[in-house]
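User: Could you take a close look at the pockets for me and then set them in the rest of the chain? I'm new to this, so please explain the terms as you go.

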Amino acid sequence: LASLQFIDFERMVAGDFAPYGLDPPLRQFTLLTTLTNSPAGPTNQVVARVSLGKPGGNRYFARRMQEPSVVTFLDADRLPRAAFALRDQRLWNFSTNQILSLTVSQLGDSRRLVRTGPVQWANAPGSVGEVNPFTLEEAAHRLGQLFADRWVARGEDALASYGFRSLDHQVLLEVQAGDKPVTHRIRFGRRAPSGRTYAAVELDGRPEPVVFE
């Protein structure tokens with residue numbers, strides 16, 4: 001929001017904002033601050049507000065708080081459309097040394113790889129295949145620092161739309177957290193139009209998955 005820029009003025013002074021989808025706005029973002037020295041106690045004061053309207057070609061109409069102008073900007077779909085998309089984009093943060101094992105599953109086949117030491121990986125009993133400890137170590141490092149480039153959707157019903165059902169691809173990370181191991185699950189879907197990949201995790205102890213790029 002702080003770096004949001006508009007492209008051009010659509011109208012310097014607009015008498016009616018409804019034709020632009022700004023009265024009422026289709027989306028609106030309001031930043032508030034708390035005033036603690038108010039006689040009535042802590043109150044919220046609006047710092048800034050931007051209203052977003054309907055699209056005009058490949059641009060969108062917008063209006064800043066209490067300004068008579070209508071401007072246009074390119075909506076790169078970066079601004080959140082739901083409350084869950086306001087959370088920190090860092091999913092979790094743990095070191096490679098905390099990872100005990102990786103289990104990769106796809107279309108009914110599974111393979112578990114155990115980390116036995118720095119840059120040391122081996123197949124778990126029942127798993128077979130070539131083991132490259134260097135690529136596994138790098139993959140484990142990246143998974144431990146995983147972050148979302150963009151939040152997309154939430155809920156079990158959303159998974160089919162992003163290719164999760166058909167690919168049936170997931171990775172389980174067994175991580176040492178304190179005195180007991182914890183398992184994190186990442187599911188993978190189809191490729192997004194951006195060129196990135198859709199993935200899904202459960203966050204904050206909630207069973208519903210959150211889809212992200």
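Analyst: Here is a walk through the pockets first, then the whole chain, then a few single residues.

Quick ground rules: this is a predicted model, where local features need pLDDT of at least 70 and side-chain atom pairs count only at pLDDT 80 or more, while totals for chains, interfaces and linings use all residues. Residues are numbered from 1 along each chain as its sequence is written, and side-chain values use heavy atoms, with hydrogens and water left out.

Let's start with the largest pocket, which has a volume of about 500 Å³. A pocket here is an open set of points on a 1 Å grid over the protein atoms alone, where a 1.4 Å probe fits, with protein on both sides within 12 Å along at least five of seven lines; lining residues have an atom within 4 Å of a point. Grid points are joined across faces, edges and corners, and the volume is the space filled by probe spheres set on the points. The largest pocket has 19 lining residues, and R142, L143, L146, F147 and F188 are the ones nearest its centre.

Which elements build that lining? At least two residues each come from β6 (99–106), α1 (133–144), β11 (180–191) and β12 (197–202). Helices (H or I, at least four residues) and strands (E, at least two) are DSSP runs, numbered from the N terminus. The largest share, 4 residues, belongs to α1. Sorted by class, the lining has 13 nonpolar, 2 polar and 4 charged residues. For those classes, Ala, Val, Leu, Ile, Met, Phe, Trp, Tyr, Cys and Pro count as nonpolar, Asp, Glu, Lys and Arg as charged, and the others, Gly among them, as polar.

Now for the second largest pocket, at about 410 Å³. It's lined by 20 residues, with L1, L4, R49, V50 and R64 closest to its centre. Four strands, β2 (27–35), β3 (43–56), β4 (59–64) and β5 (70–73), each give at least two residues to this lining. β3 gives the most, with 4 residues. By class, you'd find 13 nonpolar, 3 polar and 4 charged residues there.

T30 makes a handy stop here, since it sits in strand β2. Leaving out residues up to four places away in sequence, T30 touches V46, A48 and R49; contact means heavy atoms within 4.5 Å. T30 and V50 are 20 residues apart along the chain, yet 6.7 Å separates their C-alpha atoms. Is T30 buried, exposed or partly exposed? T30 counts as partly exposed because its relative accessibility is 28% (buried means under 20% relative accessible area, exposed over 50%, partly exposed in between, with a 1.4 Å probe and protein chains only).

Zooming out, the protein chain has 2 helices and 13 strands. Its C-alpha atoms fill a box of roughly 75 × 45 × 30 Å along the principal axes. The radius of gyration is 23 Å, whereas a compact globule of 213 residues would be near 17 Å; the radius is taken over C-alpha atoms, and the globule rule is 2.2 Å times the number of residues to the power 0.38. Of the 213 residues, 35% count as buried. Among contacts between residues at least 6 apart in sequence, 50% join residues at least 24 apart. The chain exposes about 13,100 Å², and carbon and sulfur atoms supply 51% of that; these areas come from the Shrake-Rupley method with a 1.4 Å probe, and for residues only the protein chains shown count as cover.

G129 gives a feel for distances too. It's in the loop between β8 and α1. G129 lies 54 Å from G53, C-alpha to C-alpha, with their positions 76 residues apart in sequence. Beyond its neighbours within four places in sequence, G129 is in contact with R111 and N123. With 44% relative accessibility, G129 counts as partly exposed.

Last, some backbone details in the loops. D23 and P24 are joined by a cis peptide bond, with omega about 0°, and P24 lies in the loop between β1 (8–11) and β2. V119 is not a glycine, yet has a positive phi of about 55°; V119 sits in the loop between β7 (109–117) and β8 (120–123). D168, also not a glycine, has a positive phi of about 50° and is found in the loop between α2 (164–167) and β10 (169–177). V119 is partly exposed at 34%, and D168 is partly exposed at 41%.
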